[in-house]
Amino acid sequence: MSSGEVPLKNHRKELFCQHYVGCFNASEAARKAGYSQKTAGSQGARLLKDVAVQERVAFLQSENAKALELDTADVLERWTTLALADPNELISHIVGSCRHCHGKGFKYQWRDQDEFEDHHQAWSDLPEKARDSMREPSNAGGYGYRFRREPNIECPQCDGFGRQRTVAHDTTRLSPAAKTLYAGVKETQHGIEIKMEDRAAALNNIARTLGMFAKDNERTLSPGDKLQEWYETFSQNGSRAPIQPQKETPPK
Ligand SMILES: [Zn+2]
């Protein structure tokens, strides 16, 4: 067992060491350890010359440094996960084909015969007056409409821009990375709003912690080359969490 590893037998001395590594002020540490206000200054100075105290303080300092390094690595890992998370896992803006893109002769295309027949029936059930004002549904464009097909550049209805759809995904099935990004859902009068944590801020925090802004900021922490190396490996490999493919529910 190395020197300094064992708590000092003298309780007040031990307390002094514990407090000293918290504040690095000998008088304050002495006062907190129970030495009188009057003598705290001189006692503190005397204690710092004590070899046992010096060894104990050195040991406690190294323990603190180890703990700090672990904390920094942990925090950095969380930030990195957040910064690299894919917002598409939470919400996607998808462009798909319009109803005319792949219809025969670019006419309205139904999903299937059932869909057509339902609409035709609804039209037939209308009062005569209303029916006259609406065109009879036609299946001339055929069946097989799927939103997820590519828009057709030749489509005269959409000019190949298709239709757009914003889809919020099931937040209970997110990858661990996307979970760090997800900050809750808010129901508004216009629908739901998916809230996300700030990825840019996370990236900024990482850069600051790794000392990338060292010239601008004298107080930047420098956790050392090991962390730098770790971060480089981590960012090359991307998120440790697997990105799960999402299934789309086709539009109605
Ligand atoms: Zn189209």
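# Loops, a long span and two cores

Reader: Where does Phe24 lie?
Author: Phe24 comes just after helix 1 (11–23) and ahead of helix 2 (26–32). The model is predicted. Phe24 lies in the loop between helix 1 and helix 2.

Reader: Does Phe24 count as buried or exposed, and what number of C-beta neighbours lies inside 10 Å?
Author: The cut-off for exposed is 12 or fewer other C-beta atoms within 10 Å. Phe24 falls under that rule and therefore counts as exposed. Its number of C-beta neighbours inside 10 Å is 11.

Reader: What is the phi of Phe24?
Author: Phe24 is not a glycine, yet its phi is positive. The value is about 55°.

Reader: Which loop holds Asp159, a residue with positive phi?
Author: Asp159 is not a glycine either, and its phi is about 55°. With 12 C-beta neighbours inside 10 Å, Asp159 counts as exposed. Its place is in the loop between helix 6 and strand 2.

Reader: Which residues does Cys155 touch, not counting residues up to four places away in sequence?
Author: Cys155 is in the loop between helix 6 (128–133) and strand 2 (163–168). It is partly exposed, because 19 other C-beta atoms lie within 10 Å and buried needs 20 or more. Beyond its sequence neighbours, Cys155 touches Cys98, His100, Cys101, Phe106 and Gly160.

Reader: What separates the C-alpha atoms of Cys155 and His102?
Author: Along the chain these two residues are 53 residues apart. In space, their C-alpha atoms are separated by 7.9 Å.

Reader: In what order do the elements of the protein run?
Author: Start with the count: nine helices and four strands. Then read from the N terminus on. The elements run α-α-α-α-β-α-α-β-α-β-β-α-α.

Reader: How far apart are the end C-alpha atoms of helix 4?
Author: Helix 4 covers residues 51–84, which is 34 residues. At 1.5 Å a residue, the helix should span 50 Å. The model agrees with that: the end C-alpha atoms are 49 Å apart.

Reader: Which residues in helix 4 are buried?
Author: Here the cut-off is 20 or more other C-beta atoms within 10 Å. Phe59 is in helix 4, but with 18 such neighbours it counts as partly exposed. Ala58, also in helix 4, has 15 and is partly exposed too. The buried ones are Val53, Arg56, Val57, Leu76, Trp79, Thr80, Thr81, Leu82, Ala83 and Leu84.

Reader: Which residues does Phe59 touch, not counting residues up to four places away in sequence?
Author: Phe59 and Val21 are 38 residues apart in sequence and 9.8 Å apart in space, C-alpha to C-alpha. For Ala58 and Val21, the C-alpha separation is 8.7 Å. With residues up to four places away left out, Phe59 touches Gly4 and Glu5.

Reader: At what angle do helix 4 and helix 8 pack?
Author: Two packed helices are described by the angle between their axes and the distance between the axes. For helix 4 and helix 8 (residues 199–209), the axes are 8 Å apart. Their crossing is left-handed. The packing angle is about 145°.

Reader: How many nonpolar, polar and charged residues has the contact of helix 4 with helix 8?
Author: From helix 4 come Thr72, Leu76, Trp79, Thr80, Leu82 and Ala83. They meet Arg199, Ala202, Leu203, Asn205, Ile206 and Thr209 in helix 8. By class, the contact has seven nonpolar, four polar and one charged.

Reader: What supplies the largest share of the largest nonpolar core?
Author: This core has 14 residues, and those with the most contacts inside it include Trp79, Leu82 and Ile206. Helix 4, helix 7 (176–181) and helix 8 each supply at least two residues. The largest share is five residues, and it comes from helix 4.

Reader: How many residues has the second, separate core?
Author: Among its members are Ala26, Ala33, Val53 and Val57. Val53 and Val57 are buried in helix 4. The second core has 12 residues.

Reader: What percentage of the residues in the protein is buried?
Author: The protein has 252 residues. Buried residues make up 19%.

Notes: Residues numbered from 1 in each chain as written. Predicted model: local features only at pLDDT ≥ 70, side-chain atom pairs only at ≥ 80, totals over all residues. Expected span 1.5 Å × (residues − 1). Axes fitted to C-alpha atoms, helices over the stretch in contact; angles between N-to-C directions. Left-handed = near helix turned anticlockwise from the far one by under 90°. Contact = placed C-beta atoms within 7 Å. Nonpolar A, V, L, I, M, F, W, Y, C, P; charged D, E, K, R; others polar. Core = buried A, V, L, I, M, F, W, Y, C linked by C-beta atoms within 7 Å.
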